[in-house]
Amino acid sequence: MNKYPIGLQDFRKIRKEGFIYIDKTQPIYNLIDSGNYYFLSRPRRFGKSLLLSTIKEIFNGNKELFEGLWIHDKWNWEQKHPVIHLRYSQIDYKGLGLVEAISKELDFLASEFGIQLSEESIALKFRELIRKVAKNGRVVILIDEYDKPITDYLEDLEQVEKHRAVFKSFYSVLKDADEYIRLLLITGVSRFPKVSIFSDLNNLNDITIHRNYATIVGITQQELEKTFAEEIADIQTQQPDLLSKLKLWYNGYAWHQDADRVYNPFSVLKYMDGRDFRNYWFQTGTPTWLVNLMKHNREFNLENIEIGENALSNFNVENIATVPVLFQTGYLTIKNYNDTIYELKYPNKEVEDSLNDALLSAYRNVYPGNDSMAVTNDLGKALKNNDIPRMIKALDVLLSTIPYDHWKAESESIFHIIVHLSFKRLGLDVRSEVHSATGRCDVLVFTDQYIFAVELKLNGNAQGAIDQIVEKGYLRSYELDPRKKIAVGINFSAEKRAVSEFLVKELK
């Protein structure tokens, strides 16, 4: 039986103890052989730490760990380099403060080389460490999750600014250290432009979106079918459509428009271990602040998102733009690219379902968000059977669970958002604010048998909503579609916090 390295990030442990390892040594070889200064951004639990651990073992010359891997007979194992491996996930910056935590870690790293540091400030200490270690050969510097002390405090801008100032001084010593450095690789989730590694190190190659390194972490289709051939063959006896389901649930991530899409490695390993389709990656920690930010900005519809190339890569903490953050953290991925404009989309079912569920809970102010699925399932059954009274009842249940002190129905937008997310949570084809030649439909919902045009009113009347659908011709574009066209007018009462009336009309 195969052993799955779930949560393991140590290359030596994985290889020594016989865990599955997906061979990434060819792109790693290309990376370390062709340049010296790199930055790589990827979402959490995507293999960044394992990547750095693998590189560390290569430069330590541990050839025996690479037996059977691509790089084994390609690398000069006699040419070793000392490795400074700084991992922010392992230092106690929350308890000690960032400066003290870094200082202690530098002392620990120095002790591994048999060195004592005499400088007081962390910047000078870092420079001293690099210069003293480099007496044994040019240094490889691997910095893992450089941005964690910033992203952990995004709801405390004063603390963010303090940590950013610390980093600006700390990393500034790298600027004039070329003669001592063989390789510098910095990884993180986000790119903070005011940290000196981006403003001062003009030779730092950001390979986040790069065709040659788009699959340096993650699992390609070919890697999936080769590595898990035994499991796939076994499961396919009961689930012949396994590969298509795996692709639907966990594939879809892209960091270059022309490169292969990759699977989330954490979710694939969890699936192979338990063999149940679940939202594994999302459950490991979706930041509440991100969902709350989307709610604050009244953002909920992530279809057909377009963004410029420069805006996609940076994270401005003073004025957080949701779309770049969603891309950098793995909730959106590249769909297409045209003339410096990226079109983004959800990577897969796991992310889309989970984020919609989290948003639906946030907009309803109901936490945790595990109670909505039963109600939205009822909503789905009603739509598929064209049972509008049952649909209205399900919507009423969703609205009735919103705590009274959180009720803010100052416009019909909150109803619109809840309706959209409720349908979207079911995996239906839902389109909001659809423009036509004569107007804009609130919501269009497509099922196998029906096309529903839903118009929402607050403290108005359902007849006016129906009339608007008909007069504006919201369903006219679909006249040649064989599915039945249903107009649904819904009026909400802000006072009752419920649907006060609805009307349904089938259009020919």
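# Working through a predicted model

Strand β12 is mostly covered, with nine of its ten residues buried. Keep in mind throughout that the model is predicted.

## Exercise 1: a strand and its partner

Find which strand is joined to β12 and how the two run, then place N491 in the picture.

*Step 1.* Start with the pairing. Strand β11 (residues 450-458) is joined to β12 by nine bridges, and the two run parallel. For one concrete pair, take I451: its bridge partner in β12 is K485.

*Step 2.* Now locate N491. This residue belongs to strand β12, which spans residues 484-493.

*Step 3.* Decide whether N491 is buried or exposed. Buried means under 20% relative accessible area. N491 has a relative accessible area of 4%, so it is buried.

*Step 4.* Look at what surrounds N491. Leaving aside neighbours within four places in sequence, its contacts include K457, L458, N459, G460, N461 and A462. A498, V499, S500 and E501 are also in contact with N491.

*Step 5.* Check the polar side chain. The side chain of N491 reaches the backbone nitrogen of N459 at 3.4 Å, and N459 is also among the residues in contact with N491.

## Exercise 2: an enclosed helix

Explain why helix α13 is described as largely enclosed, and list what its buried residues pack against.

*Step 1.* Count the buried positions. In α13 (residues 265-274), seven of the ten residues are buried, so the helix is largely enclosed by the rest of the structure.

*Step 2.* Name them. The buried residues are P265, F266, S267, V268, L269, Y271 and M272.

*Step 3.* Find the packing partners. The buried residues of α13 pack against α10 (221-227), α11 (229-236) and α12 (242-250), as well as α14 (280-283) and α18 (349-364).

*Step 4.* Inspect both ends. At the start of α13, a side-chain oxygen of N264 comes to within 2.9 Å of the backbone nitrogen of F266. After the helix comes R275, which has a positive phi near 60 degrees.

## Exercise 3: two positive phi values in loops

Compare the setting of E145 with that of N304, and classify the accessibility of each residue.

*Step 1.* Read the backbone angles. E145 is not a glycine, yet its phi is positive, at about 55 degrees. N304, also a residue other than glycine, has a positive phi near 55 degrees.

*Step 2.* Place each residue. E145 sits in the loop between β3 (139-144) and α7 (148-151). N304 sits in the loop between α15 (288-296) and β6 (305-308).

*Step 3.* Classify them. Exposed means over 50% relative accessible area, and partly exposed lies between that cut-off and the 20% used for buried. E145, at 22%, therefore counts as partly exposed. N304, at 60%, is therefore exposed.

## Exercise 4: the whole chain

Describe the protein through its secondary structure, burial, contacts and charge.

*Step 1.* Tally the elements: the protein has 22 helices and 13 strands. Along the principal axes, its C-alpha atoms fill a box of roughly 80 × 55 × 40 Å.

*Step 2.* Turn to burial and surface. Of the 508 residues, 54% are buried. The protein exposes about 22900 Å², and carbon and sulfur atoms supply 44% of that area.

*Step 3.* Examine the contacts between residues at least 6 apart in sequence: 68% of them join residues at least 24 apart.

*Step 4.* Finish with charge. There are 64 positive and 70 negative side chains, and the centres of the two sets lie 1 Å apart.

Methods: Residues are numbered from 1 along each chain as its sequence is written. Side-chain values use heavy atoms; hydrogens and water are left out. Helices (H or I, at least four residues) and strands (E, at least two) are DSSP runs, numbered from the N terminus. Buried means under 20% relative accessible area, exposed over 50%, partly exposed in between (1.4 Å probe, protein chains only). A polar contact is a pair of N or O atoms within 3.5 Å; within protein, one must be able to donate a hydrogen and the other to accept it, and residues adjacent in sequence count only if both atoms are side-chain atoms. Contact means heavy atoms within 4.5 Å. Accessible areas come from the Shrake-Rupley method with a 1.4 Å probe; for residues, only the protein chains shown count as cover. Lys and Arg count as positive and Asp and Glu as negative; His and the chain ends are not counted. The place of a charge is taken as NZ of Lys, CZ of Arg, CG of Asp or CD of Glu. Two strands pair if DSSP finds at least two bridges between them.
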